[in-house]
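Good morning, and thank you for coming. I would like to take you through one structure today, beginning with a single residue and then turning to the helices.

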Amino acid sequence: HFFVLYCALLTAVCKMPPSHFIFDMDGLLINSEELYTKATEIFLKPYGKTFPMTLKTRIMGLKSSESATVIVRELGLPLPVEEYIKKNTAIQDTLWPTTQLMPGVEMLLQYARRQGIPAAVATSSMRDALVRKTSHLGAHFAQFQAIVRGRSEERRVSKEGRSR
């Protein structure tokens, strides 16, 4: 309900409805952030370690290799970063089929479709990770007109507006 109310408020204040929606994927469209946390907690348990919120907030937004380096170093884990990444990724892969849409997303997508408002996803997830996280949510993700990945081939636009 929040998103629909937000759109109504935006329309009232700006005197025009939104023309497009562009969503970040992780943590906004799907509950992947909680699954990243769960995977890390599962990994750390045999080492007798926990994943404190202070550490989690420090690594949010970092590339996986950077966050892995911080976790291994800060928690004093007795393994190389590459091994941590490999093992934690394997745990994540078992959890991705359980990702769910965040509350309100389905309603917002229905609203956008009814109003004819195009919607897109922007994510820094690599293609294979995107597929693992969302393949079981295909009907929902099929509603997006575009999915742009951070590692997608990018076109740069000059100041004159021409692609280079």
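Leaving aside its neighbours within four places in sequence, which residues is Lys133 in contact with? The residues in question are Met25, Asp26, Ile30, Tyr36, Trp96, Thr99 and Ser125. Please keep in mind that what you see is a predicted model.

Let us stay with this residue for a moment. Lys133 belongs to helix α7. Is it buried or exposed? With a relative accessible area of 1%, Lys133 is buried, because buried means under 20%. One of its partners, Asp26, is 107 residues away in sequence, yet the two C-alpha atoms are 9.4 Å apart in space.

Next, the helix as a whole. Helix α7 covers residues 127-134, and its buried residues are Ala129, Leu130, Lys133 and Thr134. Why do these four count as lying on the same side of α7? They span an arc of only 110° around the axis, and this places them on one and the same side of the helix. The cover over these buried residues includes two helices, α2 (32-44) and α8 (138-141), and two strands, β2 (119-123) and β3 (146-149).

Thr99 was among the partners of Lys133, and I now turn to it. This residue sits in the loop between α5 and α6 (105-115). Its relative accessible area is 3%, so Thr99 is buried. Beyond the neighbours within four places in sequence, Thr99 has contacts with Ile30, Asn31, Leu35, Lys133, His136 and Leu137. Ile30 appears in this list, and Ile30 is also in contact with Lys133.

Let me now step back to the chain. It has 164 residues, of which 36% are buried. How many helices and strands are there in the chain? There are eight helices and three strands. Read from the N terminus, their order is α-β-α-α-α-α-α-β-α-α-β. Consider also the contacts between residues at least 6 apart in sequence: 69% of them join residues at least 24 apart.

We come to the packing of helices. Two packed helices are described by the angle between their axes and by the distance between those axes. I shall present two pairs, both involving α5.

The first pair is α2 with helix α5, residues 81-95. Their axes are 9 Å apart and meet at an angle of about 125°. This angle makes α2 oblique to α5. The crossing of α2 past α5 is right-handed. Which residues meet here? From α2 they are Leu35, Tyr36, Lys38, Ala39, Thr40, Ile42 and Phe43, and from α5 they are Tyr84, Lys87, Asn88, Ile91, Gln92 and Leu95. Sorted by class, this contact of α2 with α5 comprises eight nonpolar, three polar and two charged residues.

The second pair is helix α4, residues 64-75, with α5. Here the angle is about 110°, and the axes are 9 Å apart. The two helices, α4 and α5, are therefore roughly perpendicular to each other. This crossing, of α4 past α5, is right-handed. On the α4 side, the contact is made by Ser64, Ser65, Ala68, Thr69, Ile71 and Val72, and on the α5 side by Val81, Tyr84 and Ile85. Six of the residues in the contact of α4 with α5 are nonpolar and three are polar, with no charged ones.

Tyr84 of α5 meets α2 and also takes part in the contact with α4. At 4% relative accessibility, Tyr84 counts as buried. Which residues does Tyr84 touch, not counting those up to four places away in sequence? They are Thr40, Phe43, Ala68, Ile71, Val72, Leu77 and Leu79. Thr40 is 44 residues from Tyr84 along the chain, and their C-alpha atoms are separated by 9.7 Å.

I close with a residue in another loop. Gln143 is found between α8 and β3. Its relative accessible area is 24%, so Gln143 is partly exposed. Not counting residues up to four places away in sequence, Gln143 touches Leu109 and Arg113. From Gln143 to Arg113 there are 30 residues in sequence and 8.1 Å in space, taken from C-alpha to C-alpha.

Thank you for your attention.

Note on methods:
Residues are numbered from 1 along each chain as its sequence is written. This is a predicted model: local features need pLDDT of at least 70, side-chain atom pairs count only at pLDDT 80 or more; totals for chains, interfaces and linings use all residues. Side-chain values use heavy atoms; hydrogens and water are left out. Buried means under 20% relative accessible area, exposed over 50%, partly exposed in between (1.4 Å probe, protein chains only). The arc is that of the directions from the helix axis to the C-beta atoms. Contact means heavy atoms within 4.5 Å. Axes are lines fitted to C-alpha atoms, for helices over the stretch in contact, and angles run from 0 to 180 degrees between N-to-C directions. Angles under 35 degrees count as roughly parallel, over 145 as roughly antiparallel, 65 to 115 as roughly perpendicular and the rest as oblique. A crossing is left-handed if the near helix is turned anticlockwise from the far one by less than a right angle, and right-handed if clockwise. Ala, Val, Leu, Ile, Met, Phe, Trp, Tyr, Cys and Pro count as nonpolar, Asp, Glu, Lys and Arg as charged, and the others, Gly among them, as polar.
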